[in-house]
Amino acid sequence: MKVIKGDKVIYKFTNEMKAIDSVNLKERFIVETNDCFFQQIKDENAVLDELNYDCLNPATGPIFVNGAKPGDILKIKIIDIEVEGKGVVMTFPGEGVLGDQATKTKLRVLPIEDNHAIFDRLRIPINPMIGVIGVAPKKEDGEWPTATPWKHGGNMDTTDIKIGSTLYLPVNQDGALLALGDCHAVMGDGEICFTGLEIPAKVTLEVDIIKNKTIKWPLIETEDAIMVNASGDDVDQAIYEASSQAVNHLKDGLNFEWEEAYMLASMTMNLKISQ
Ligand code: ZN
């Protein structure tokens, strides 16, 4: 299996990124990803003022998917996310949902043993996920730092981008130009203190395309749901966008009137906050 090393990374998704490698449709390959600090934190004595904050959220790639053309949908099957060793979790003053109460930086490095993160006397079952995964955005959508989510993917930070899930992204450039990083050994939806358990990973993927079909926002397919992952300046905007697209998918997919799709969504669709 082809292994794409983690030493070639991007910090922003642009329409004109240069690919560092290529893969074929239906080929399985491994992507080595760095943690969101580019492994600068080795232990709990790390001096945070000395970190290079210019290399946060590196995404390995971009990877050219042979055959992917603008106007297609890229289908990414997540076969495996292998994490080992130790992960980093920390608080920053002013950050997260309780930013007003978070007054100091605190860093913990948690070992992974037997698929559990060891947090003092607690053993937390790990559930590895990919934080940043995306493709070249549309030219008119501009450049997106790897720290933000948008229509091209990016830092979606959702627990559903995990082993066994399939992610669908719109192709906006020849070869799609896939890049990924920022895996978490475990994270709760909302990621309320600003980090998950940040860890390098070996991610096994398989890609395919759906010709001549477009989507506005990334879709995630898990065993029991199909999700629209929409983002916005605030949570209300994201909820509006996700709901609007979900109702459209139901309307078009089931050949319903819009009102019927809206009713169906109200009875069967769940709203969920990722980040
Ligand atoms: Zn992260």
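Student: Which residues coordinate the zinc ion?

Tutor: Donors are N, O and S atoms within 2.8 Å of the metal (3.2 Å for Na, K and Ca), and water is not among the atoms, so sites may look incomplete. Here the zinc ion is held by Asp182 (OD), His184 (NE2) and Glu198, which gives OE twice, at 1.9 to 2.7 Å. Bear in mind that this is a predicted model, where local features need pLDDT of at least 70, side-chain atom pairs count only at pLDDT 80 or more, and totals for chains, interfaces and linings use all residues. Residues are numbered from 1 along each chain as its sequence is written, and side-chain values use heavy atoms, leaving out hydrogens and water.

Student: How are the donor residues of the zinc ion spaced in sequence?

Tutor: The pattern is D-x1-H-x13-E. His184 sits in strand β17 (residues 178–184) and Glu198 in the loop between β17 and β18 (201–210), 14 residues apart. Strands are DSSP runs of E, at least two residues, numbered from the N terminus.

Student: Is His184 buried or exposed?

Tutor: Buried means under 20% relative accessible area, exposed over 50%, partly exposed in between (1.4 Å probe, protein chains only). His184 counts as buried because its relative accessibility is 0%. Glu198, at 2%, counts as buried too.

Student: What is the order of the four strands in the open sheet?

Tutor: Two strands pair if DSSP finds at least two bridges between them. In this sheet the order is β8-β9-β10-β11, with antiparallel pairing. β8 (86–91) and β11 (122–125) are the edge strands, each pairing on one side only. Inside, two bridges join β9 (residues 106–113) to β10 (residues 116–119), and Glu113 stands opposite His116 in β10.
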